[in-house]
Amino acid sequence: MSAESNKDRVFIFDTTLRDGEQSPGATMTLEEKLQVAEALDEMGVDIIEAGFPIASNGDFEAVVAVAKQVKRATVTGLARAITADIDRAAEAVRHAKKGRIHTFVSTSPIHLAHQMKKTEDEVIEIIARTVAQARNLIDDVEWSAMDATRTPLEFLKRCVETAIKAGATTINLPDTVGYAVPDEHEAMFRTIITSVPGADKAIFSAHCHNDLGLAVANSLAAVRGGARQVECTINGLGERAGNAALEEVVMALRTRADILPYHTEIETTHLARASKIVSAAANFPVQYNKAIVGKNAFAHESGIHQDGMLKNAETYEIMTPASVGIKETTLVMGKHSGRAAFKDKLKELGYELGDNAFQEAFVRFKDLADRKKHVYDADIVALVDDEVGSVGDRIKLVDMEVVSKTGGVHKANMTLSIDGEESSVSYEGTGSVDAIFNAIKQAVGQQPHLVLYAVDGVTGGTDAQASAHVRLELNGRIVSGNAAEPDTLVASARAYLNAYNRLLIERGAAAQGAMAG
Ligand SMILES: CC(=O)SCCNC(=O)CCNC(=O)[C@H](O)C(C)(C)COP(=O)(O)OP(=O)(O)OC[C@H]1O[C@@H](n2cnc3c(N)ncnc32)[C@H](O)[C@@H]1OP(=O)(O)O
Ligand SMILES: CC(C)C(=O)C(=O)O
């Protein structure tokens with residue numbers, strides 16, 4: 001495929017299995033690498049860098065296995081500018097339908113002086129010799145200038161010209177240490193591509209690291225400067241702060257085609273799945289706020305955004321979750337949510353409340369969200385059931401204080417509203433709950449028999465709401481009451497009152513008489 005006929009096509013070179021695996025702790029087994037490679041191939045990645053064959057027998061075997069498995073993509077293996085490395089890489093990638101050798105050497109003064117201990121002329125000789133060696137073994141050869149962005153332009157031009165003359169078909173100018181900024185990066189590519197003799201015969205490639213958080217921005221700048229291959233990894237995995245994230249590069253090109261008129265052949269609906277596969281294989285969690293594939297990438301918690309989303313998703317989303325393989329947007333219910341989202345959530349949960357009941361439920365929801373980190377659907381169900389179940393209650397809890405001492409007194413001081421009038425009472429018990437129930441019985445002047453008292457957590461966690469259940473019996477009648485609250489004792493008191501209120505309803509006028517007496 002000539003660079004000319006694909007002038008706006010950006011080739012995606014995925015190095016999750018090589019640079020990605022260089023993330024400390026991200027080592028993958030052969031089976032895991034095959035699973036990742038399959039996902040990349042199905043997604044339409046153009047080149048898969050499967051490993052560094054000379055690094056170990058395991059790496060060599062992995063590159064061979066990936067090469068044999070992959071159906072569509074070109075498979076490459078990395079090699080230093082060393083004869084044995086290049087031979088080993090060739091031996092591994094020759095198993096692929098389309099194989100590539102990727103060889104590299106340092107070009108920056110600091111690397112030449114301290115790592116390679118070579119002069120510029122010696123490096124030029126190494127490039128000519130090793131690229132030619134690779135090209136004698138395979139037609140598809142990529143050459144990389146390690147630390148290109150800290151290399152003086154004049155020397156970089158000499159290196160690139162030498163590599164192209166020796167037969168390199170792809171020239172990669174890596175920002176090895178994540179030092180570049182976008183304008184400068186774009187200019188570097190443009191200068192090299194427009195001034196090096198023979199540059200039109202090669203595809204230029206960007207390989208950006210994220211040390212300054214600029215890997216994706218620099219990759220896009222390189223494309224503007226003429227690069228047509230971007231090296232990246234799923235989830236931005238990679239040495240130190242990582243590489244440019246594949247999903248971000250691809251979606252930026254797709255979403256901003258208006259000012260970045262280039263395209264890739266990536267099937268973007270596979271992105272979320274690939275992210276999960278890599279995260280599991282590399283045992284590397286994806287941060288919640290990671291662009292495109294993070295748990296929060298399509299989640300909205302604030303009321304104003306949720307209201308906008310309910311009116312038109314384009315108000316707060318620049319791409320659809322479906323376009324990256326995420327099922328749907330989520331409106332997370334929390335302390336920043338407003339009425340629009342709460343109403344929508346109630347509808348989803350099957351509730352239709354009248355204006356007053358809705359308003360009261362919303363106030364209680366806000367109050368709960370202020371106290372609880374996560375408000376789950378189950379919390380809202382408990383809250384609304386509780387709200388609906390207590391509509392019309394004649395006796396309500398106004399305030400409550402419980403004093404409880406190990407081996408000592410358990411006392412409940414309660415203020416209740418009975419038919420709109422407040423009444424305070426204190427009573428002791430054998431425990432806090434017993435004291436509460438005794439205080440209520442004292443206030444209402446009745447002694448119903450407690451048939452059942454039980455408490456469950458609505459959700460997990462110590463901040464979960466407690467759901468309390470009380471069953472009372474009076475004169476042969478049995479009624480149940482429920483209440484949900486973050487505080488177990490308050491939930492218990494309200495459940496008792498809820499049951500007692502039902503007892504009053506069932507007993508009708510007789511109960512009214514009893515209370516008045
Ligand atoms: C920017 C990048 O991501 S580059 C890729 C980095 N990835 C890795 O290093 C992972 C795999 N690496 C390995 O398994 C090992 O480092 C090996 C097998 C490659 C080499 O192991 P060793 O022979 O023990 O060498 P060691 O790692 O200690 O040092 C690297 C050597 O390679 C040399 N070297 C580094 N890059 C190159 C290069 N592109 N071309 C030629 N030689 C190079 C260094 O100068 C050093 O040589 P020296 O020992 O003569 O000083
Ligand atoms: C080997 C090259 C491509 C590399 O990984 C880098 O320079 O970061």
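The legends below describe close-up views of a predicted model.

**View 1. Strand β2 and its pairing with strand β1.** Strand β2, which spans residues 47–51, is mostly covered, with 5 of its 5 residues buried. Strand β1, made up of residues 11–14, pairs with β2 in the parallel sense over 2 bridges, and within this pairing Asp14 is found opposite Ile48 of β2. Between the two strands the chain passes through helix α1, residues 30–43, and the β-α-β crossover that results is right-handed.

**View 2. Strand β2 and its pairing with strand β3.** Strand β3, residues 74–80, runs parallel to β2 and is joined to it by 4 bridges. Ile47 has Thr74 of β3 as its bridge partner. On the way from β2 to β3 the chain goes through helix α2, residues 57–69, in a β-α-β crossover that is right-handed.

**View 3. The surroundings of ligand 1.** Ligand 1 is surrounded by 16 residues, of which the closest are Phe52, Ala55, Arg80, Ala81 and Val105. The elements that contribute two or more residues to this shell are β4, residues 99–106, and α4, residues 109–116; β4 provides the largest share, 3 residues. Sorted by the character of their side chains, the residues of the shell around ligand 1 comprise 9 nonpolar, 4 polar and 3 charged.

**View 4. Helix α8 and the elements packed around it.** Helix α8 covers residues 215–224, and 9 of its 10 residues are buried, so the helix is largely enclosed by the rest of the structure. The buried residues of α8 are Ala215, Val216, Ala217, Asn218, Ser219, Leu220, Ala221, Ala222 and Val223. These buried residues pack against three strands and two helices, namely β6 (170–175), β7 (203–208) and β8 (229–232) together with α7 (182–195) and α9 (246–255). After α8 comes Gly226, whose phi is positive, near 120°.

**View 5. The division of the chain into domains.** The protein chain is divided into domain 1, residues 12–257, domain 2, residues 299–387, and domain 3, residues 391–516. Between domain 1 and domain 2, the C-alpha centres are separated by 46 Å.

Notes. Residues numbered from 1 in each chain as written. Chains lettered and ligands numbered in written order. Predicted model: local features only at pLDDT ≥ 70, side-chain atom pairs only at ≥ 80, totals over all residues. Buried ≥ 20, exposed ≤ 12 C-beta atoms within 10 Å, placed from the backbone. Pairing = 2+ DSSP bridges. Right-handed = clockwise from strand over helix to strand, strands pointing away. Domains from an automatic or database assignment. Near = placed C-beta within 6 Å. Nonpolar A, V, L, I, M, F, W, Y, C, P; charged D, E, K, R; others polar. Contact = placed C-beta atoms within 7 Å.
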